[in-house]
2 protein chains.
Amino acid sequence: MGKILRVNLAIGKISEEFPDDETLKLYLGGAGLATKYLIDEVPKGIDPLGPENKLIFMTGPLTVTPSPSTGRYSVVAKSPLTGIWGQANSAGFWGRDLKRSGFDGVIFEGISSKPVYLVTEDGKAELRDAGHLWGKNTSDTTKAIREELGEKFNVACIGIGGENLVKYAAVMNDCDEPNWGRAAGRCGMGAVMGSKKVKAIASKGNAKIEVANPDEYKAEAKQRYDWVNQSLLKMTLEVFGTATMLDLVQVKGGLPTRNWQTGIFEGAEKINGEAINETILTKRKPCFACPIACGRLSEIKEGKYKSKGEGPEFEALGTFGSMCGIDNLEAITLAHFICNEYGIDIISAGNTIGFSMECYEKGILTKEDTGGLELNFGDADLIVDIVPKIGKREGIGDLLAEGTRNMANKLGNDSIKFAMQVKGLELPCYDSRAAKITGLAYATAPRGGDHMAAWIEGPAFLSMPFMLIEDADVGDPLQEIPEKTYILKDLEDGFGVFDAIGGCKFMGIVLSADDWASLISKLFGYDFTAADFRKTGERLINLTRIYNLREGLTRADDTLPARLLEEPMPEGPAKGQTVNLDPLLDAYYEFRGWDKNGIPTKEKLKELGLDWAIDIIY
Amino acid sequence: MGKILRVNLAIGKISEEFPDDETLKLYLGGAGLATKYLIDEVPKGIDPLGPENKLIFMTGPLTVTPSPSTGRYSVVAKSPLTGIWGQANSAGFWGRDLKRSGFDGVIFEGISSKPVYLVTEDGKAELRDAGHLWGKNTSDTTKAIREELGEKFNVACIGIGGENLVKYAAVMNDCDEPNWGRAAGRCGMGAVMGSKKVKAIASKGNAKIEVANPDEYKAEAKQRYDWVNQSLLKMTLEVFGTATMLDLVQVKGGLPTRNWQTGIFEGAEKINGEAINETILTKRKPCFACPIACGRLSEIKEGKYKSKGEGPEFEALGTFGSMCGIDNLEAITLAHFICNEYGIDIISAGNTIGFSMECYEKGILTKEDTGGLELNFGDADLIVDIVPKIGKREGIGDLLAEGTRNMANKLGNDSIKFAMQVKGLELPCYDSRAAKITGLAYATAPRGGDHMAAWIEGPAFLSMPFMLIEDADVGDPLQEIPEKTYILKDLEDGFGVFDAIGGCKFMGIVLSADDWASLISKLFGYDFTAADFRKTGERLINLTRIYNLREGLTRADDTLPARLLEEPMPEGPAKGQTVNLDPLLDAYYEFRGWDKNGIPTKEKLKELGLDWAIDIIY
């Protein structure tokens, strides 16, 4: 780990640099190292889509090694959707290929005068003109680049969504076939890429990864791989994919339905994992070095939704499905495929459409606004038609491309109360009224309404214990239990390291902090204990907090949409529930060593080796 | 909880009695309470098949309540197979029905002069003549009794195996249809029942269970049920049943094959969960109050193995399958069905046949001994033919009915080294050379070579975390790690309570000590914390130790077959491994508060409220 490419887009200059050992030790790689760059180099208050923002791609130190499912790359920048720390990450195979091309990460700075794409190959890098790629969707972009450079190149790119600065545009990778693709979906990293006029990164190479104790590392990595391969976790996720979650969330009464007006979707059985298996599933697809294969390839063989591609993931089933009141699996799946092609985040897209439907239902949006479109819950054709409009910012799509918070600010009429976002980031498909601690997680997650910082939905919604932390027993999910909020902290800390090393969070169910610490230790050749692992994770979570505080975030931002705080769930197991956030927030801050305003104490910063940040936030 | 039926078989006298509150508080019910009776009433050194042994059926305090999967009953007696503490337990529905008939348990004492069966109904009980039932298999027995008494009676009974004192005969229940049945399989409780000439217990009734805080209890039980119903655990076990384990154990190189000569079975894919689903599975069947439905109903529609019934469970796939070198799923399944009908434990039966095959291979058993039968590994017809011989003690079956330890003692030639048993109880289908801590578990489990005391196979073989205990991370399963043996203690303690309350151990993955303690507290109406839960479990484990020490057990008995200690695994992920038991044993004893000889210290006994046992074991 350590060779970083710096690409000044304004002048087309490419250089290499090497973070010092101390920096690598403190921040490891991935989102950790990238965030340190962001804080150091990007001033407070800049325009996320302007030249001062930087777009940082970073792989993890374990990437390309045989450790199970550690091939994720992170993209970090100030988010145009939230205005705070932006990060997205994705697996598939491209992270591996960037690293094999000889680079651990890429920092894009400035804005190019014309569309370009970056080629990295065997330790060399160049910018190429992308004029002919601009306007292409993700699979055509990938195909065109591979025709130019050769089949062995793998590509991360933006689609038309990123070009058009859709606020929640994704960076896509592995779009080898039509509608395929893994998404670094969240926070609009694709829009930042589009603003810089970078269409793609194409990578290829055979670089070897330096491992301090190669034999020990290899044996241990193989064993850990085997453990995951031998787990009950694998058996479920391989069979049902992430759609596994749908039944489990529905039965708890927490499946957001018709823009979160209720938590039970009457059509859930038509869009669950079993329904996928019985109808459209064609193949189960693993990411690099992962034994699980939770990815799905699907095909709709006939009819108006005829198509094939990658997905559907649980979050698409929820956002395009229950959130929009749609039980047509084929339409949901095609909407997902279209997001893959346009390079658009499915969570934000589906939420925004669901929000628009409720606005339409309430007369806040009218046919006049929509150019004649009726935005009715349950209209399966609509989701398929509207995603391209968002991608192209065409008609009403231009408004929807702004995300729910911006829309609500524009539409007024108290619509912000049911704009289902935190800090501007649309929420995932788990209603916190059915598992209170998830509300705390969304209120405090560094990138906004995000379920992946802690993945506390595992224990809270799926009754899933974790090897990663000592105690994942959240107790009664319908109670606010301040004493249990340390579980959120512990999961965030542990998974904070995952975002730095490029790990998939499903691995946290099966492998422990000891397991990961030992792998990291053998890779780097220095002592790294489970305590170091946890401390590093805590450092990384505080690092993102520092960034956000500098941007002006306060305790008041650590909150939830009014619907979750004030509107009782109308039916089901969580009937009558709202989230009482403050007691949880107080306790969580205390476990974190943050003051009542959510600011890390000086002592905590010193303890974590973040002394340099004292001047920034005090 | 508290109404116990005492049946003196010698004189046909039936009486009722009520344990005092203090006893119920200390030992709860199920195997806990039954073991206290056994220690109090059955003297040291008696013949397990003689009149002095007692056979105790006991339900748990949570049975008939809506708490998830707490309908198991225990059968406790001195074991004719092991000569120490004998216990078996089973779910299905009969435990519920015994309790609804007005009784929490039944103590059989003495020996009846002729076959009888017990009827319990609406708080009344009577012994009836069973002359016409003697010689019948389990489903015919059940059918005949229901014809006599009415369809609503449910039956626990023995088959021909129990009548013929097969040392590992089972007590069966819910044999409503041909070849159906749940088994209280282990330790030969069916033989004890046969020795007493008790063919069956038939039960029916509508007794209500007294609950101290009924509304709170009901709400909490329902919520816990929902949590299990919403878990990843359920999704796997419902789809694949206990056969889920087979792939997971095989891939770790620990699937006992050809009498444990290796840990990889080349035919595993022909007999795994997927193979069952694709060929013979007809229905998934839950036990009382369980959301999971891991039970299987299967049918072989044609050919020489044509049959239908309940199963196959993982342990049959392993013992009749890999242990006998047989990859014919239909033959394995039919052998399982026949065990159900004869009332024979599948684990001991399959192991014994596998052992016989190796003896035959080595010339220790010859055609002369077998009456012309060839006992070859891989002979699918043989397992189907030989189980009835065991049940009838016909020909070579008479020898096999004694179990592996007795056989080895008789056959000599060092065959004891590969008689795969601990303390006389045949081992389950997990080879400890592939997960060392399981070797410690089998060496120390109260009933001998038993995987259910701790179910440490969960974390050790399946990389499965548990909500029940704080830390289930066993580390590298191929290492002997003395510091990790507290995990075995913690699991034994937690699951010790499960055996007392009638709980299914799969629930320990999803529900915590807090969850169970709270349910118990609301049921009984007194304070019962998670600490009380753990302390109670520890008391119950020590209780069984007291029984075994009184019978003369020493540290030397806490060991494994020589094959596991001395013969390196020949291939696969565990290649070259043996189990180095002593360091694990030392550490475990210390965590337990037992001395170097495995004897609980006086301090420990006092701490657990077992002062009365000091005189017994010192």
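Two strands count as paired if DSSP finds at least two bridges between them. The model shown in every view is predicted.

**View 1. Hairpin of strand 1 and strand 2 of chain A.**
Strand 1 of chain A covers residues 4-8 and strand 2 of chain A covers residues 13-17. They pair in the antiparallel sense, over 5 bridges. Within this pairing, A:Leu5 is placed opposite A:Glu16 of strand 2. The hairpin has 4 residues between its two strands. In the turn, A:Gly12 has a positive phi of about 70°.

**View 2. Open sheet of 6 strands in chain A.**
The strand order is 8-7-12-9-10-11, and the pairing is mixed. Strand 8 (124-129) and strand 11 (182-184) of chain A are the edge strands, each pairing on one side only. On average, neighbouring strands of this sheet are turned by 20° against each other, direction ignored. Strand 9 (residues 154-157) and strand 12 (residues 198-204) of chain A run antiparallel and are joined by 4 bridges. One residue to locate in this pairing is A:Asn154, whose bridge partner in strand 12 of chain A is A:Ser203. Strands of a sheet pair through backbone hydrogen bonds, in either a parallel or an antiparallel arrangement.

**View 3. Salt bridge between A:Lys167 and A:Glu402.**
The closest N and O atoms of A:Lys167 and A:Glu402 are 2.6 Å apart. A:Lys167 belongs to the loop between helix 5 (160-163) and strand 10 (171-173) of chain A, whereas A:Glu402 belongs to the loop between helix 16 (397-400) and helix 17 (403-411) of chain A, so the pair ties together parts that are 235 residues apart in sequence. Side chains of opposite charge can pair when their charged atoms come close. Over all chains, a search of the whole structure finds 107 salt bridges.

**View 4. Open sheet of 3 strands in chain A, with the helices that pack on it.**
The strands follow the order 13-14-15, with antiparallel pairing. Strand 13 (281-285) and strand 15 (307-310) of chain A are the edge strands, and each pairs on one side only. From one strand to the next, the twist averages 10°. Strand 13 of chain A is joined to strand 14 (residues 295-300) of chain A by 4 bridges, the two running antiparallel. A:Arg284 is opposite A:Arg296 in strand 14 of chain A. Helix 8 of chain A packs on the sheet and touches strand 13 and strand 14 of chain A. The direction of helix 8 makes about 20° with that of strand 14 of chain A. Helix 12 (residues 329-342) of chain A also packs on the sheet, touching strand 14 and strand 15 of chain A. The direction of helix 12 makes about 60° with that of strand 15 of chain A.

**View 5. Interface of chain A and chain B.**
Here 37 residues of chain A are in contact with 37 residues of chain B. About 3200 Å² is buried between the two chains, with 65% of this area given by carbon and sulfur atoms. The rule finds 0 salt bridges across the interface, while it finds 11 residue pairs in polar contact, both residues at pLDDT 80 or more. On the side of chain A that touches chain B, the elements giving two or more residues are helix 7 (214-229), helix 8 (232-240), helix 9 (244-251), helix 19 (457-462) and helix 21 (507-510) of chain A. Helix 8 of chain A gives the most to this side, with 6 residues. By class, the side of chain A that touches chain B has 20 nonpolar, 9 polar and 8 charged residues.

**View 6. Cis peptide bonds at A:Pro312 and B:Pro312.**
In chain A, the peptide bond from A:Gly311 to A:Pro312 is cis, with omega near 0°. A:Pro312 sits in the loop between strand 15 and helix 11 (314-321) of chain A. In chain B, the peptide bond from B:Gly311 to B:Pro312 is cis, again with omega near 0°. B:Pro312 is in the loop between strand 15 (307-310) and helix 11 (314-321) of chain B.

**View 7. Backbone at B:Leu28.**
B:Leu28 is a residue other than glycine with a positive phi, near 65°. B:Leu28 is part of the loop between helix 1 (21-27) and helix 2 (30-41) of chain B.

Note on methods
Residues numbered from 1 in each chain as written. Chains lettered and ligands numbered in written order. Heavy atoms only, no water. Contact = heavy atoms within 4.5 Å. Buried area = accessible area lost by both parts, 1.4 Å probe. Salt bridge = Lys/Arg side-chain N within 4 Å of Asp/Glu carboxyl O. Polar contact = N/O pair within 3.5 Å; in protein donor to acceptor, adjacent residues only side chain to side chain. Nonpolar A, V, L, I, M, F, W, Y, C, P; charged D, E, K, R; others polar. Axes fitted to C-alpha atoms, helices over the stretch in contact; angles between N-to-C directions.
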